[in-house]
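Dear colleague,

Here is the structure I promised to pass on. My notes follow below it.

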Amino acid sequence: MTGEIYNPNPTVFSPVKQSGRQLEQVSHSLWLDESHEIVNQASDVEPIDQEEVFDLIRSIYDPEHPNTLEELRVVSAPQISIKQDYIKVEFTPTVPHCGMSTLIGLTIRVRLLRSLPSRFKVDIYLKPGSHQSEHAVNKQLNDKERVAAALENPALVETVEQCLTPKQN
């Protein structure tokens, strides 16, 4: 990415061990977790939890650095809340003036749109008080027309794809 670097020396943290939670489908509508307890009996509705959503977004790369959003502590499992078919993701930019916040939020939204069933409504927000333009960024990230327009911009889509693509070591 060319242009101004908003945080040239971010703090990088070690990734947290993935949850490892395993669900086993026993019948068409019966799910058991690793302790063989029933998780969900709803027909045709696969359960999802905070850790599963976090697993989807933890490996997204920052647009300015060769680090994941998890390594930069931009996202964490406690910043995700789920109520039925509604998911709220809160993220924390590395600096209060981060010019990449809208792009990071858009990338999170694209990953979740591609990965989750369409029944889920997803809202993406900056952690309150973490950014100088918090209200404006939140408005952009949760406006369907603005998101659709952004995803029609080939250069922006290319940058989003780079953030979503695993890096080769």
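**Salt bridges and overall layout**

Arg58 is buried, at a relative accessible area of 4%. Keep in mind that this is a predicted model. The Arg58 side chain still has a charged partner: it forms a salt bridge with Asp55, 2.5 Å from N to O. Asp55 has a relative accessibility of 25% and counts as partly exposed. So this bridge joins a buried arginine to a partly exposed aspartate. The pair does not stand alone, as Asp55, Arg58 and Glu70 are linked in a network of salt bridges.

How many salt bridges does the structure hold? The count is five. Two further ones are worth a look.

Take Glu161 and Arg114. Their side chains meet in a salt bridge at 2.4 Å, N to O. This pair links distant parts of the chain. Glu161 sits in helix α5, residues 154-164. Arg114 sits in helix α2, residues 101-115. The two are 47 residues apart. Is Arg114 buried or exposed? Arg114 is exposed, with a relative accessible area of 53%, because the cut-off for exposed is over 50%. Glu161 is partly exposed, at 29%.

Then there is Asp123 with Lys121. The side chains of Asp123 and Lys121 form a salt bridge of 2.9 Å, N to O. Asp123 is buried, with a relative accessible area of 9%. Lys121 counts as partly exposed, at 48% relative accessibility. Here the buried partner is the acid, Asp123. In the bridge between Arg58 and Asp55, the buried residue is the base, Arg58.

Now the chain as a whole. The protein chain has five helices and six strands. In what order do the elements run from the N terminus on? The order is β-β-β-α-β-β-α-β-α-α-α.

Burial next. The protein chain has 169 residues, and buried residues make up 39% of them. Arg58 and Asp123 are among the buried ones. The accessible surface of the chain comes to about 10000 Å². Carbon and sulfur atoms account for 50% of that surface.

Last, the contacts. Consider those between residues at least 6 apart in sequence: 59% of them join residues at least 24 apart. The salt bridge between Glu161 and Arg114 also spans the sequence, with its partners 47 residues apart.

Best wishes

Terms used:
Residues numbered from 1 in each chain as written. Predicted model: local features only at pLDDT ≥ 70, side-chain atom pairs only at ≥ 80, totals over all residues. Heavy atoms only, no water. Helix = DSSP H or I, 4+ residues; strand = E, 2+ residues; numbered from the N terminus. Buried < 20%, exposed > 50% of the residue type's maximum accessible area, 1.4 Å probe, protein only. Contact = heavy atoms within 4.5 Å. Areas by Shrake-Rupley, 256 points an atom, 1.4 Å probe, with all protein chains shown as cover. Salt bridge = Lys/Arg side-chain N within 4 Å of Asp/Glu carboxyl O.
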